[in-house]
Amino acid sequence: ASRSNRADGYGAAGQLDLALPLSEETLKLQRAKLGPDHPSTLISMKNLALVYQDTGRLDQGLQLTQETLKLQKAKLGADHPSTLINMNNLAAGFWSLNQLDKSIPLFEELLPLQEKKLGRGHPDTQRTVANLGVNYKDAGRLEEAIPLLEEAYRASQQFQTRRFVGPQLMDAYVKAGKSVAARKLIEEVLAEDRKALPKD
């Protein structure tokens, strides 16, 4: 537990050169002592996968995330909070590599699970609504993207961490030829930014 906490601390401080070997050592020891599917082992697998991704070892990180997700579904269940978080991490990893054929099905699987477990209005569910909308947009599936992005944009008024949704929805409107909707949205986003950001 102490090794795991130290590794997390190094990671949070951006000292990935120290976090990586400690995370690898922790996982090795937990697998030997606790077993490959113990909840603590699964947490360490998830954490190490994120460190791999943060250090640019994306393929290694995604492979470990896939392995972790498979074990989580079997051990904890498909709708366990840890499983849902890791499913999001895996989908986001594929999305970062522009592997939309892999990210979209994962986000599509994740959304109804979160909606059932957490509710449609939960911040995590709305994050997935936004992510799936952006993935659809990036894949050129604008008719599916726009309703999700509109929903996520409305929710972003409540969850300021979703401020990235406005420009994504604007881009979808432009690509769909909806210039009136795009202009209205630009005015809204500009007004919000003028309130939230310094004048310069």
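This passage walks through the overall fold, the nonpolar cores, a small set of individual residues and the internal cavity of a predicted model.

The chain is built from helices, with 10 of them and zero strands. Read from the N terminus, the order of elements is therefore a plain run of α-α-α-α-α-α-α-α-α-α, given that helices and strands are taken as DSSP runs numbered from that end. Along the principal axes, the C-alpha atoms occupy a box of roughly 60 × 40 × 30 Å. The chain has 200 residues, and 40% of them count as buried. Its accessible surface amounts to about 11,000 Å², with 53% of that area belonging to carbon and sulfur atoms. As for how the chain meets itself, contacts between residues at least 6 apart in sequence were considered, and 46% of these join residues at least 24 apart.

The interior offers a natural next stop. In soluble globular proteins, nonpolar side chains tend to be buried together. Here, the largest nonpolar core holds 33 residues, and the members that touch the most others are Leu106, Leu132, Leu149, Leu169 and Leu185. Two or more residues of this core come from each of α4 (58-75), α5 (81-96), α6 (100-118), α7 (123-138), α8 (142-156), α9 (165-175) and α10 (179-196). Helix α8 supplies the largest share, seven residues. Leu132 gives a closer view of the packing: with neighbours within four places in sequence set aside, Leu132 is in contact with Ile104, Phe107, Glu108, Leu111 and Leu148. Another core, of nine residues, lies apart from the largest one, and Leu20, Ala49, Val51 and Leu64 are among its members.

Two further residues illustrate other settings in the chain. Lys73 belongs to helix α4. Its relative accessibility is 31%, so Lys73 counts as partly exposed, between the 20% and 50% limits. Beyond its neighbours within four places in sequence, Lys73 is in contact with Ala78, Thr83, Met87 and Glu109. The C-alpha atoms of Lys73 and Leu84 are 9.3 Å from each other, with these positions 11 residues apart in numbering along the chain. Asn98, in turn, sits in the loop between α5 and α6. Its phi angle is near 60 degrees, a positive value in a residue other than glycine. Asn98 counts as exposed because its relative accessibility, 57%, is over 50%.

Attention now turns to enclosed space. Rolling a probe the size of a water molecule over the atoms shows where empty space is left. One cavity of 30 Å³ or more was counted in the model. The largest cavity holds about 50 Å³ of space. Its lining consists of Ser4, Ala7, Asp8, Ser23, Thr26, Ser44, Asn47 and Leu48. The helices that give two or more residues to this lining are α1 (2-12), α2 (16-34) and α3 (39-54). By residue class, the lining divides into two nonpolar, five polar and one charged.

Ser4 shows how one of these lining residues is placed. Ser4 lies in helix α1, and its relative accessibility is 14%, under the 20% limit, which means that Ser4 counts as buried. Leaving out neighbours within four places in sequence, Ser4 is in contact with Thr26 and Ser44, and both of these contact partners also appear in the lining of the largest cavity.

How values were computed: Residues are numbered from 1 along each chain as its sequence is written. This is a predicted model: local features need pLDDT of at least 70, side-chain atom pairs count only at pLDDT 80 or more; totals for chains, interfaces and linings use all residues. Side-chain values use heavy atoms; hydrogens and water are left out. On a 1 Å grid over the protein atoms alone, a cavity is a set of points where a 1.4 Å probe fits but cannot get out, and a pocket is an open set with protein on both sides within 12 Å along at least five of seven lines; lining residues have an atom within 4 Å of a point. Grid points are joined across faces, edges and corners, and a volume is the space filled by probe spheres set on the points. Helices (H or I, at least four residues) and strands (E, at least two) are DSSP runs, numbered from the N terminus. Ala, Val, Leu, Ile, Met, Phe, Trp, Tyr, Cys and Pro count as nonpolar, Asp, Glu, Lys and Arg as charged, and the others, Gly among them, as polar. Buried means under 20% relative accessible area, exposed over 50%, partly exposed in between (1.4 Å probe, protein chains only). Contact means heavy atoms within 4.5 Å. Accessible areas come from the Shrake-Rupley method with a 1.4 Å probe; for residues, only the protein chains shown count as cover. A nonpolar core is a set of buried Ala, Val, Leu, Ile, Met, Phe, Trp, Tyr and Cys residues joined through side-chain atoms within 4.5 Å.
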